[in-house]
Amino acid sequence: MPLLDGMDIVRAVTRERLPTRVLLISASVTGEAAGAASREGAAGFLTKDVPRAGIVAAVEAVHRGDTVFPAGVRPADGPTAVPPRGALSDRELQIVEAFARGLSIPLVARELCITKSTAKTHTRRLYGKLGVGDRAAAVAEAIRRGLLK
């Protein structure tokens, strides 16, 4: 891309708190690059040599709220992959705290006076930033990272 690279796009989406989830595609993927992408808010990172069916599956997975990284290159594999406390928005912290208290998404929405759709959007972002796929894993990862007491 002539003016921005993929990481610039990820940072802009995160900074603007857009509901967009970003899946990066690059010539090569290292653990360091995957960790950096994850910390910045990317939902996944693939290499250009992935077959078309793999790209489609990755896009579908990211759309469901999952994260996608190549086998053997997981952002959670190294110390550089743990984002700082500020990586989650205030709303995402409220949601993971509510999950820790056992609340479901509908109950979180009611408690925070937001729609279920908005709660789901924040939850998808939360999952992407933590590299998890469900509420229990989000709570466990948030505790591991020192985001919850």
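These questions and answers cover the fold, surface and largest pocket of a predicted model.

Student: Which pattern does the protein follow along the sequence?
Tutor: Start with the element count. The protein has 7 helices and 2 strands. Read along the sequence, helices and strands give the pattern α-β-α-β-α-α-α-α-α.

Student: What share of the residues is buried?
Tutor: Buried here means under 20% relative accessible area. The protein has 149 residues, and the buried share is 41%.

Student: What share of the contacts with a separation of 6 or more joins residues 24 or more positions apart?
Tutor: Contact means heavy atoms within 4.5 Å. Take the contacts with a separation of 6 or more; residues 24 or more positions apart account for 55%.

Student: How much of the exposed area do carbon and sulfur atoms supply?
Tutor: The exposed area of the protein is about 8,400 Å². Of that area, carbon and sulfur atoms supply 56%.

Student: Which residues are closest to the centre of the largest pocket?
Tutor: The largest pocket holds about 280 Å³ of space. Its lining has 22 residues. Closest to the centre are Val13, Thr14, Glu92, Arg125 and Lys129.

Student: Which element gives the largest share of that lining?
Tutor: Helix 1 (6-15), helix 4 (90-100) and helix 6 (116-130) each give two or more residues to the lining of the largest pocket. The largest share is 4 residues, and it comes from helix 6.

Student: How many residues in the lining of the largest pocket are charged?
Tutor: Sort the lining by class. Nonpolar residues number 8 and polar residues 7. The count of charged residues is 7.

Methods
Residues are numbered from 1 along each chain as its sequence is written. This is a predicted model: local features need pLDDT of at least 70, side-chain atom pairs count only at pLDDT 80 or more; totals for chains, interfaces and linings use all residues. Side-chain values use heavy atoms; hydrogens and water are left out. On a 1 Å grid over the protein atoms alone, a cavity is a set of points where a 1.4 Å probe fits but cannot get out, and a pocket is an open set with protein on both sides within 12 Å along at least five of seven lines; lining residues have an atom within 4 Å of a point. Grid points are joined across faces, edges and corners, and a volume is the space filled by probe spheres set on the points. Ala, Val, Leu, Ile, Met, Phe, Trp, Tyr, Cys and Pro count as nonpolar, Asp, Glu, Lys and Arg as charged, and the others, Gly among them, as polar. Buried means under 20% relative accessible area, exposed over 50%, partly exposed in between (1.4 Å probe, protein chains only). Accessible areas come from the Shrake-Rupley method with a 1.4 Å probe; for residues, only the protein chains shown count as cover.
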